[in-house]
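I opened the notebook to go through the strands and helices of this model one by one. I wanted to know how they pair, pack and sit within the fold.

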Amino acid sequence: MSSTTFSLEGRGLKLDTAADIESHISQLTSSATSITSINFSGNTIGVEAAKALAPHLSTLSSLECANLADIFTSRLLSEIPPALDALLEALLPLKNLHTINLSDNAFGLNTQAPLVKFLEKYTPLRHLILNNNGLGPEAGTLVANALTRLAEAKKSEHGDSAAYLETIVCGRNRLESGSSAAWAKALAAHSGSLRELRMTQNGIRVEGMTAILKNGLKGAEKLEVFDLQDNLLTVPGSLALVEVIGGWAQLKELSIADTLLKARGGILLGEALAKGKNQNLETLRLQYNEITAKGLAAILQAAKTSLPKLKSVELNGNYFSEQDPSIEALAEILSDRREEAGGDASDESWGLDELDELDEDEAEEDEDEDEAEAEDDEDDDVQDKAEKELKMADQAENENVSQKKDADVDELADALGKTHV
């Protein structure tokens, strides 16, 4: 079947009434059975317009991808739930819709209910993009719990052939550690099929990251992209990462910049990657992590011996000199591979990033490592806390609980919109 897209993307339309929306959707109604992708992003849809649009959405039997990002700009919080409910309820009968992008909409505690209601029962869903929605830890927990229930619904409906989530994007949402136990449970429920996980800039601290890694991703054998940049790992989180990363044999991208690995964390990561269990890794993002020369050397060794497909490494903002011999050696390895692959010298997907903010370690590296070893002693306590949070999430699930664009996410959304499954 040929792909047909209906798009009002980026037109800045203010759609308040039924008449406002009807004047723009003639193609939607005339080509209903052939449309596979819709894009309403970059417009603002009011309650009456959403209710008028809903019946038309329900007729799109071939729809595979729905981009509803940034559709409530300037709307009152009271307008968002009824408008969102009308749109999502209209999608429920559709059996082929596998990708939904709801980024850049305000889904905090006061507006999340229609989203949660939809997520927990829409079993065709395979790719979910929720970036920059202002969830916070409470609404974030509700969304995570909904995804856990979605996995249960998928299993109940399809048994062993159930198709669980493959892509979860939930970045810039202030999830914090308070929602991490619920997210660990949700990720574990979908871990057998999960291929891409992006949860950047969520203020998740060490205990939360540990819970997500150990309790959520241990069985994620198909994981290809792990992007949790700008959260907090430190050494205990690094220990959790290296404990599970060996099981991610399909991993292509590891993005953990701005997670404060520290000196020992960099060494631990390099040693883990050198074990040869991540040979499909292509991209390694490690900027601003206080990695020292010893960690750099460990990463170089892994690149030499165990990461044959590695093509890009980002290291700016760490604690070593640009003149460190490991830098030149690593750059040479990546350059040689680019040439062997026939890549263009101007292709920025190869090589090292610009190293213009390196900070040679002013403190004694041994002192940093001693401090890290002291932090290791606290690791058992961190894991105990993470497991306790997971149990609390189980209990909470049974109780009644009353705008900068991301280039990686935009590219992912575009790619998924062109995918047919």
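These entries follow what I looked up, beginning with the sheet and ending with the helices.

**Entry 1, the sheet.** I was working with a predicted model, and I began by tracing the strand order. I found an open sheet of 12 strands with parallel pairing, running in the order E1-E3-E5-E6-E7-E8-E9-E10-E11-E12-E13-E14. I noted E1 and strand E14 (351-352) as the edge strands, since each of them pairs on one side only.

**Entry 2, from E1 to E6.** I then followed the pairing from the E1 edge inwards. Strand E1 (residues 4-7) runs parallel to E3 and is joined to it by four bridges, and for Phe6 I wrote down Ile38 as the bridge partner in E3. On the next step, E3 and strand E5 (residues 65-67) pair in the parallel sense over three bridges, where Ser37 has Cys65 in E5 as its bridge partner. From E5 I went on to strand E6 (residues 99-101), and this pair is again parallel, with three bridges; here I found Asn67 opposite Asn101 of E6.

**Entry 3, burial of E3.** Is strand E3 enclosed or open to the outside? I looked up its residues, 35-39, and five of the five are buried, so the strand is largely enclosed by the rest of the structure.

**Entry 4, burial of H9.** I asked the same of helix H9, which covers residues 234-244. Nine of its 11 residues are buried, so this helix too is largely enclosed by the rest of the structure. I listed the buried ones as Thr234, Val235, Pro236, Gly237, Ser238, Ala240, Leu241, Val242 and Val244.

**Entry 5, H6 against H7.** How do helix H6 and helix H7 pack? I found that H6 (residues 136-158) and H7 (residues 180-190) pack at an angle of about 25 degrees, with their axes 8 Å apart. Angles under 35 degrees count as roughly parallel, and therefore I recorded H6 as roughly parallel to H7. The crossing, as H6 passes H7, is left-handed.

I then wrote out who makes the contact: from H6 come Gly140, Thr141, Val143, Ala144, Asn145, Leu147, Thr148, Leu150, Ala151 and Lys154, and from H7 come Ala182, Trp183, Lys185, Ala186, Ala189 and His190. Sorted by class, this contact of H6 with H7 has nine nonpolar, five polar and two charged residues. Beside the list I put a reminder that an α-helix has 3.6 residues a turn, so residues three or four places apart point the same way.

Methods. Residues are numbered from 1 along each chain as its sequence is written. This is a predicted model: local features need pLDDT of at least 70, side-chain atom pairs count only at pLDDT 80 or more; totals for chains, interfaces and linings use all residues. Side-chain values use heavy atoms; hydrogens and water are left out. Buried means under 20% relative accessible area, exposed over 50%, partly exposed in between (1.4 Å probe, protein chains only). Axes are lines fitted to C-alpha atoms, for helices over the stretch in contact, and angles run from 0 to 180 degrees between N-to-C directions. Angles under 35 degrees count as roughly parallel, over 145 as roughly antiparallel, 65 to 115 as roughly perpendicular and the rest as oblique. A crossing is left-handed if the near helix is turned anticlockwise from the far one by less than a right angle, and right-handed if clockwise. Contact means heavy atoms within 4.5 Å. Ala, Val, Leu, Ile, Met, Phe, Trp, Tyr, Cys and Pro count as nonpolar, Asp, Glu, Lys and Arg as charged, and the others, Gly among them, as polar. Two strands pair if DSSP finds at least two bridges between them.
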